[in-house]
Amino acid sequence: MHVDKREKRVMQITVVVLGVAIGALVLSMTASHKSLPEPAGRIRPEDVRVTAPFDNPGVRQVGENEYEVVMIAQAWEWVPNRVEIPAGSHVTFKVTSVDVIHGFRVPDTDLNAMVIPGQITEVDVDFDEARDFTLLCHEYCGIGHHRMGADIVIVEN
Ligand code: CUA
């Protein structure tokens with residue numbers, strides 16, 4: 001097959017540009033220790049309400065200034081829909097969905113994750129000061145999506 005010299009040149013440049021882009025992506029991921037998000041565990045959606053820790057959602061203290069918040073996402077609410085955590089805490093959220101894909105987003109924090117049925121999502125954050133946050137669903141999950149919110153209340157320690 002005859003390939004024109006200029007066409008061959010364009011193909012070579014394309015391969016080099018792609019190689020540099022992929023190399024930059026891999027380098028930035030390894031240098032910053034980032035990886036594609038993986039589920040913290042798996043759980044059958046129909047078993048969520050009878051399987052620990054999701055059979056008892058809410059806040060628990062797991063260490064000095066360390067808390068775990070277990071939440072269930074369902075159309076169209078978070079269970080529980082209000083949590084209170086003392087300021088100065090490191091908090092790990094464990095979340096799963098019993099129905100469709102929801103999104104876990106707390107504006108003004110780094111909390112931003114997908115909540116996928118069958119998977120356990122784990123995200124953590126430090127809450128340094130007392131203030132109120134709103135947990136939003138940021139993945140369209142049906143007709144009640146826009147009102148799927150919860151209060152994250154950080155209280156004076
Ligand atoms: Cu849940 Cu949108």
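**View 1. Strands E3 and E4 run antiparallel and are joined by three bridges.** Welcome to this predicted model; we start at the pairing of E3 with strand E4, which covers residues 77–79. Look for Ile72, which stands opposite Val79 in E4. The link from E3 to E4 is a hairpin through two residues.

**View 2. Strand E2 pairs with E3 in the antiparallel sense.** Here E2, residues 58–63, meets E3 over five bridges. A handy residue pair to pick out is Gly58 and, opposite it in E3, Val70. These strands also make a hairpin, with two residues between E2 and E3. If you like checking backbone torsions, try Asn65 in that turn: its phi is positive, at about 60°.

**View 3. Strand E6 lies parallel to E3 in their pairing.** Eight bridges connect E3 with E6, the strand formed by residues 89–97. To find your way along this pair, start from Val69, whose bridge partner in E6 is Phe93.

**View 4. Strand E3 is largely enclosed by the rest of the structure.** E3 spans residues 66–74, and eight of its nine residues are buried, so the strand is largely enclosed by what surrounds it. Buried here means under 20% relative accessible area.

**View 5. The chain is divided into two domains, domain 1 and domain 2.** Stepping back from the strands, you can follow domain 1 over residues 1–34 and domain 2 over residues 45–155. Taken over C-alpha atoms, the centres of domain 1 and domain 2 are separated by 41 Å.

Terms used. Residues are numbered from 1 along each chain as its sequence is written. This is a predicted model: local features need pLDDT of at least 70, side-chain atom pairs count only at pLDDT 80 or more; totals for chains, interfaces and linings use all residues. Side-chain values use heavy atoms; hydrogens and water are left out. Buried means under 20% relative accessible area, exposed over 50%, partly exposed in between (1.4 Å probe, protein chains only). Helices (H or I, at least four residues) and strands (E, at least two) are DSSP runs, numbered from the N terminus. Two strands pair if DSSP finds at least two bridges between them. Domain bounds come from an automatic or database domain assignment.
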